[in-house]
Amino acid sequence: MIRVPSILLACLACVSPTGLADSIPLHLSGEAVQGGLLIGRTRPGADVRLDGRVLRVTDEGLFLIGFGRDATQPVTLSINAIGGRLEQVLSPASRDWRIQHVDGLPAEKVTPPAAVLRRIQDEAREVRLARNQDDARADFVAGFIWPLEGRITGVYGSQRILNGEPRQPHYGVDVAAPTGTRVVAPADGLATLAHGDMYYSGGTLVMDHGHGLSSTFIHLSRILVEEGQSVRQGEVVAEVGATGRATGPHLDWRMNLFEVRIDPQLVVGLKPPAPMAEGAP
Ligand SMILES: [Zn+2]
């Protein structure tokens, strides 16, 4: 069993006024954990950086921080605003991943045929392009719901080792459902990729929720929205399938903060920290 840490909705780091940080507020919701997403709130207009890299901040002072599956290093969050400067180190907690060894497979099941390598690369590039949109939209602020309800048959971070060769970890959450089951958008967003048949992922839909946060649905039998179309939370956008390299019909839902893989199970229900009453500086 994999222990998924419960989502901490309360304030993780309510910085008390001391010294230079006198009047710089910082509240974080979510968990600093591998695969975790944090939503931060500080003073609107603040300059927010993570290890020196500038983060996009909404008009309300909200910003996103993500930790990948294999993140082990602490990151430094620094906030500069009128009235002071604040620095906070965030260390991602480790998780245990389910590792499954499968041996004795025919070689062609492990390595894709050379003829499709070019196609695989082209498709990966297309998906990367969609995931790297850096849009000011802030659809993530309203929170995320499940795209469909069902039995979870695969979790984020698990990995199979085929004939001794480690495969790419599984980055989605799999929800089993019959082909044709309707899937809804987990949050408002913009469809940035709608591809009917990719080699590995089959019917593939990417939705951008702003600030680099995106959802990807794969193995779809039908996609009901077009690239460039805005979607609303709860709107039917696709149907479950078993397209691409899938063993049976299910929805595989992935989340990314740009190239950082996020565990969707840690994001469902995650809400930004509440606006805080700020005392006079
Ligand atoms: Zn999957």
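**Exercise 1. Describe the surroundings of the Y199 ring.**

R245 lies over the face of Y199, 3.9 Å from the ring centre. A charge counts as over a ring if NZ of Lys or CZ of Arg is within 6 Å of the ring centre and within 35 degrees of the ring normal. The model is predicted, so local features need pLDDT of at least 70 and side-chain atom pairs count only at pLDDT 80 or more, while totals for chains, interfaces and linings use all residues. Residues are numbered from 1 along each chain as its sequence is written, and side-chain values use heavy atoms, with hydrogens and water left out.

Next, take the burial of Y199: its relative accessible area is 9%, so Y199 is buried. The cut-offs are under 20% relative accessible area for buried, over 50% for exposed, and partly exposed in between (1.4 Å probe, protein chains only).

**Exercise 2. List the aromatic pairs and classify two of them.**

Step 1. The whole structure holds four aromatic pairs. Rings of Phe, Tyr and Trp (its six-membered ring) pair if their centres lie within 6.5 Å; planes under 30 degrees apart are stacked, over 60 edge-to-face, and the rest tilted.

Step 2. For W146 and W253 the centres are 5.8 Å apart and the planes stand at 75°, so this pair is edge-to-face. W146 is in the loop between α2 and β9 (151–154) and W253 is in strand β20, so the pair ties together parts 107 residues apart in sequence. W146 is partly exposed at 23% relative accessibility, whereas W253 is buried at 1%.

Step 3. The rings of Y199 and Y200 have centres 5.0 Å apart and planes at 80°, so they too are edge-to-face. Y200 is partly exposed, with a relative accessible area of 41%.

Step 4. Ring pairs also link W97, Y156 and Y171 into a cluster.

**Exercise 3. Find the buried side of helix α2 and what covers it.**

Step 1. Helices (H or I, at least four residues) and strands (E, at least two) are DSSP runs, numbered from the N terminus. Helix α2 (residues 117–131) has 15 residues and reaches 21 Å from its first C-alpha to its last, close to the 21 Å expected at 1.5 Å a residue. That expected span is 1.5 Å times one less than the number of residues.

Step 2. Buried in α2 are I120, E123, V127, A130 and R131. They cover an arc of only 95° around the axis, which puts them on the same side of α2. The arc is that of the directions from the helix axis to the C-beta atoms. An α-helix has 3.6 residues a turn, so residues three or four places apart point the same way.

Step 3. The face turned away from the buried side of α2 carries exposed R118 and L129.

Step 4. The cover over the buried residues of α2 includes β14 (189–198), β15 (202–208) and β20 (250–257). Contact here means heavy atoms within 4.5 Å.

**Exercise 4. Work out the strand order and edges of two sheets.**

Step 1. Two strands pair if DSSP finds at least two bridges between them. One open sheet of three strands has the order β13-β19-β17, with antiparallel pairing. β13 (182–184) and β17 (222–223) each have a single partner strand, so one side of each is left without a neighbour in the sheet. Three bridges join β13 to β19 (residues 236–239), and V184 stands opposite V236 in β19.

Step 2. Another open sheet has the order β8-β10-β11, with mixed pairing. Its edge strands are β8 (99–102) and β11 (165–166). β8 and β10 (residues 159–162) run parallel, joined by four bridges; I99 has Q159 of β10 as bridge partner.
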